[in-house]
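Let's walk through this one together, from its core outwards. Have the sequence and the structure open side by side.

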Amino acid sequence: MAGIVTGLVAVLAVSSGSDPGRALEALWLGSVGSRYALLSGSLVRATPLILCGLAVALAFTAGVMNIGAEGQLLAGGTAATAVGLATSPSLGRLALPAALAAGAMAGAAWAFLPAWLRRRFGVLEVITTIMMNFVALYMVGYLVRGPLQEPLRIYPQSASLPEAARLPLLPGAARLHLGFAIALFCAGGVWWALRTTAAGFRVRVIGANPDAARSAALIDVGRSTLRVFLLSGALAGLAGAIEVTGVTYSLYENISPGYGYTAIAVALVGALNPLLTAVSGVFFGALEAGAAAMQRDAGVPSVTATVAEASIILVVLASAGVRGRVARRRRRAAHTPPITRSPGFSGVA
Amino acid sequence: MIDTLGPFLEATIRTATPLALAALGETIVERSGVINIGLEGAIIAGAFGAVATAGLFGVSGAFVGAAAAGVLTAVVLAFFVVTLRADQIVTGTAVTLLSLGLTGVLYRSMFGVAGVALSIPTAGPVAIPLLSSIRVIGRAFFAQPVITYVVYALIPAAAWWLNRTHAGLALRAVGENPDAAVAAGVSPNRARWYALAVGGALGGLSGGSLVIAQVGTFAEGMSAGRGFIAIAIVALGRWSPIGVAAAALVFGAASALQFVFQSLGWMLPYQLFLAFPYVLTLAALAGTGGRTAPPAALGRR
């Protein structure tokens, strides 16, 4: 994986007329080259990626193609900002948990329409979640120039969140905030729930084979997938809430450089396993922090990171695909009846 | 009111053209049982392909470049989805990301970070004699860039090809029941490769038309979700070329509404207009979701 990134960065740096050596040095120094870069760069960036990656991993496990983590993150960030600003003097220290809860709920609410359309009409959630992403972006654009704009009405951003609504920094960890610990806790929680609870088992069965799940009378497929969809939205919404209360301290249009889309790569590289997703979130956080440093110090456009992410997704798919081809050929050789439908999404990982 | 109706219809056709191109291609792709979420990538690749070739080969060369760039994205998608049987949606998302990123990097490396000095030949409107002098609607429908007339021709052609030819029947069979198609001697993989190539070419042309017939330059991410809207249009048009063309018109009209409101002097936040096509897509999918019947094998591996 690191090899792919190194090679790609070198090629892309040369093609955009920069020095590949300097680009790679910047990538290294900006991501894991120093304690400060690791804590304040990579792990801070990894936090929303882990949470959105979990959102995607959980949804994909249940066969829900939620591509809307980006919009759900923005909705969560918006709600957290609004609630944080509104409750901070009156609620005291409770303003922070209120903001985080509001963010998670807003994320779930943003996922509700696609989830309901899927359940009620069978509308493809891929399209609806992407549409919701655009709507969220324009909604934030409107709010930070309208009702939520800072009091001076100069910049397209919200007022700064008061101290009571901000996430505390982790002791001795530079700019790394409590949100990182929350993200890791969520990863553990999702892993535990999927692995040991009855609801988690239902989710895995639905993802592996929805028809079998449907014919097992104890599983209400529609209700379970709806719940997973909402929970997935809540995780992404929490990511947005943590981003505004832990990093930006205010809402503006670009609070997310596409975390919700990168999350797809995060979840796939993590093989949809919540714990591995946390690990892969850190990897991609380092990649993004390094890419930002590369743009700053070596003039390599940071979209290079997008190219690297897309390539990584394709490599993961290709390796799974080649394995699948080999397996199909073996089956054919063994004269077993052909399988006309592959077993859900989880087969990819 | 008549004063606004003409420009409104003109803007409707102008915005509907790239959407219809991409959606017609996607119709053919989806009738073969594949959903191309990478369509957004084909459009942005087409836009870049047009800019990259326009300076050297002129307007018609740029459209060829746009189509070729779109086909390139489709080849990547087809290899993963058809040959390797990777998940269609994840692959499509990756292709879109790859295309958005690569076009950004390549554009900067070819034209510098600013890229403002870039001026490329564009295709102006060509008025059709007689037809364009019909009152009110004449100029709107028949004084458009040539690519719009290509779309007019493509709509019935695609409908005829899908419904009245053996090849069209084979393609639909692959989309409805691949096993039956195999039994009839049709290779689903080959049909899907061809369908994706056509869909990629039309997606690329869609991006090319954005650059050459509208904006006149390239901007990172200028496809702005049109690929996803086109996919929604296909569902809204119930997977038939005529229906899809009508749905594209509805979307063109929705986007063109902002010109009407502006000319009426209504003060509404402009983000409302920007979000409108996406909200409309959601509303349309909700409205038709219960009654549409997508190709039976759509999205399956």
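How many residues does the largest nonpolar core have, and which of them have the most contacts inside it? The core has 223 residues, and those with the most contacts inside it are Leu51(A), Cys52(A), Ala55(A), Leu235(A), Ala263(A), Ile313(A) and Ile233(B). The largest share of this core, 24 residues, is supplied by helix H2 (residues 39–83) of chain B. A nonpolar core here is a set of buried Ala, Val, Leu, Ile, Met, Phe, Trp, Tyr and Cys residues joined through C-beta atoms within 7 Å. Buried is a matter of counting: 20 or more other C-beta atoms within 10 Å of a residue's own make it buried, 12 or fewer make it exposed, and anything in between is partly exposed, with C-beta atoms placed from the backbone.

A word on bookkeeping: this is a predicted model, in which local features need pLDDT of at least 70 and side-chain atom pairs count only at pLDDT 80 or more, while totals for chains, interfaces and linings use all residues. Residues are numbered from 1 along each chain as its sequence is written, and chains are lettered from A and ligands numbered from 1 in the order in which they are written. Helices (H or I, at least four residues) are DSSP runs, numbered from the N terminus.

Start with Leu51(A), one of the core residues just named. Leaving out residues up to four places away in sequence, Leu51(A) touches Ala183(A), Cys186(A), Leu235(A), Ala236(A), Leu238(A), Ala239(A) and Ile242(A). Contact means that the two C-beta atoms, placed from the backbone, lie within 7 Å.

Now look at a helix pair in chain A. Helix H4 (residues 69–91) of chain A and helix H10 (residues 221–248) of chain A have axes that come within 6 Å and cross at roughly 50 degrees. Axes are lines fitted to C-alpha atoms, for helices over the stretch in contact, and the angles run from 0 to 180 degrees between N-to-C directions. H4(A) and H10(A) are therefore oblique to each other; angles under 35 degrees count as roughly parallel, over 145 as roughly antiparallel, 65 to 115 as roughly perpendicular and the rest as oblique. H4(A) passes H10(A) in a right-handed crossing, that is, the near helix is turned clockwise from the far one by less than a right angle. By class, this contact of H4(A) with H10(A) has ten nonpolar, nine polar and one charged residues. The classes work like this: Ala, Val, Leu, Ile, Met, Phe, Trp, Tyr, Cys and Pro are nonpolar, Asp, Glu, Lys and Arg are charged, and the others, Gly among them, are polar.

Ala241(A), in helix H10 of chain A, gives a close-up view. Ala241(A) is buried, because 35 other C-beta atoms lie within 10 Å. Beyond its neighbours within four places in sequence, Ala241(A) is in contact with Gly76(A), Gly77(A), Ala80(A), Ala99(A), Leu100(A), Gly103(A) and Ala104(A). The C-alpha atoms of Ala241(A) and Leu73(A) are 7.5 Å apart, with these positions 168 residues apart along the chain.

Next, the place where the chains meet. The contact takes 47 residues from chain A and 39 residues from chain B. H13(A) gives the most to chain A's side, with 16 residues. That side divides into 30 nonpolar, 14 polar and three charged residues.

Over in chain B, H2(B) comes back with a partner. The axes of H2(B) and helix H3 (residues 88–111) of chain B come within 8 Å and cross at roughly 150 degrees, so H2(B) and H3(B) are roughly antiparallel to each other. The crossing of H2(B) and H3(B) is right-handed, and by class their contact has 14 nonpolar, eight polar and one charged residues.

Finish with some loops of chain B. Val34(B) is found between helix H1 (2–31) and H2 of chain B, and counts as buried because it has 31 C-beta neighbours inside 10 Å. Ala224(B), in the loop between helix H8 (188–215) and helix H9 (226–236) of chain B, has a positive phi, near 45 degrees, in a residue other than glycine. Ala224(B) has 16 C-beta neighbours inside 10 Å, so it counts as partly exposed.

Methods:
Helices (H or I, at least four residues) and strands (E, at least two) are DSSP runs, numbered from the N terminus.
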